[in-house]
Amino acid sequence: MAFAASQIVRGFSSSAVRNVVIKNVTIIGGGQMGAGIAQVAASTGHSVTLVDTSDDILKKSIKLIEGSLKRVAKKKFSDKPEAGEEFIKKIVKKVSTSTDAESAVQGSDLVVEAIVENLKIKQDLFSRLDKLAPSHTIFASNTSSLSICDIASSTNRQDRFGGLHFFNPVAMMKLVEVIGTPATSQDTLDSLLDFSKVLGKTPVSCKDTSGFIVNRLLVPCMMEAIRLYERGDASKEDIDIGMKLGAGYPMGPFELADYVGLDIVKAVIEAFKTKDPKNPLFDSSDLLNKLVAEGKLGIKTGEGFYKHK
């Protein structure tokens, strides 16, 4: 799909903005989020390169994609198992893997980063890739808590840099937050919004503010639930039930924290605190810190606020 180019170019790049046709997508990071983004991009006809640090990680990434697609195929082709198998093969075939990010981006129209929530690591990555990616290539971060401005500052394409925040599980969750900085060009924002729609998602736009829309509201809510429990005002079970039955939440705050990962919740609230240290909504929790230190991160480790089989 061709995207209309704006006549006004904002940002720091002196290069002309072209009409960007996003066909080739490189995903950096083969974890749950990266594999999920790769799946939905491949499912909508994009050529995808999934990048991580080892072939073993990437094999697991492909298995994640295949497992997710099998669940889709089971529903979509319940009475035609052979068609379901062909459906899976066709999509997986669109995903290639690589351990060489620098080579992978050289043919990319869009690079989406979905690695660890560490500002320096993200900056170092984009700084390297910026030197090798084509001039038209758009960079995007899937960060849930860090400043897009801060990440983009390591590159010379700040007009072609934005946020694409997907939600887990990517194949099921319809929302994508599209984040623009003061330097992001309107063409880049339009391209990211259109790309999200092509994936079958519903994009919402937000400025580069801590937590964007969803996490800015959701994570402080989870933290307040934890503090309520720490004070002994209510049990975690009753808090979860209260929010599900009283506020219509599909999951209670403790259930959700375990699902997201307590390490992620901790990283997000700490990032908020760094940006706004006087805001009491962003205060940490001794209990949360203790659980993370003990490696009790939620569903992915078998125990968090709850025990999981």
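## An eight-stranded sheet and its cores

In this predicted model, eight strands form an open sheet with mixed pairing, in the order β3-β2-β1-β4-β5-β6-β7-β8. Strands here are DSSP runs of E with at least two residues, helices are runs of H or I with at least four, and both are numbered from the N terminus. Two strands pair if DSSP finds at least two bridges between them. At the edges sit β3 (95-98) and β8 (202-207), each pairing on one side only. On average, neighbouring strands of the sheet are turned by 25° against each other, direction ignored; axes are lines fitted to C-alpha atoms, for helices over the stretch in contact, and angles run from 0 to 180 degrees between N-to-C directions.

Strands β4 and β5 run parallel and are joined by four bridges, with Leu110 opposite Ile138 in β5. Helix α1 lies across β1, β2, β3, β4 and β6, running at about 170° to β2.

| Element | Residues |
|---|---|
| α1 | 32-43 |
| β1 | 24-28 |
| β2 | 47-51 |
| β6 | 161-166 |

Now to the packing. A nonpolar core is a set of buried Ala, Val, Leu, Ile, Met, Phe, Trp, Tyr and Cys residues joined through side-chain atoms within 4.5 Å, where buried means under 20% relative accessible area with a 1.4 Å probe, protein chains only. The largest such core has 39 residues, and Ile27, Ile65, Leu110, Leu164 and Phe166 have the most contacts inside it. Helix α1 gives this core its largest share, seven residues. A second, separate core of 20 residues includes Ile28, Val51, Ala152 and Ile179.

Residues are numbered from 1 along each chain as its sequence is written. Local features need pLDDT of at least 70 and side-chain atom pairs count only at pLDDT 80 or more, while totals for chains, interfaces and linings use all residues, and side-chain values use heavy atoms, leaving out hydrogens and water.

Notes
Contact = heavy atoms within 4.5 Å. Buried < 20%, exposed > 50% of the residue type's maximum accessible area, 1.4 Å probe, protein only.
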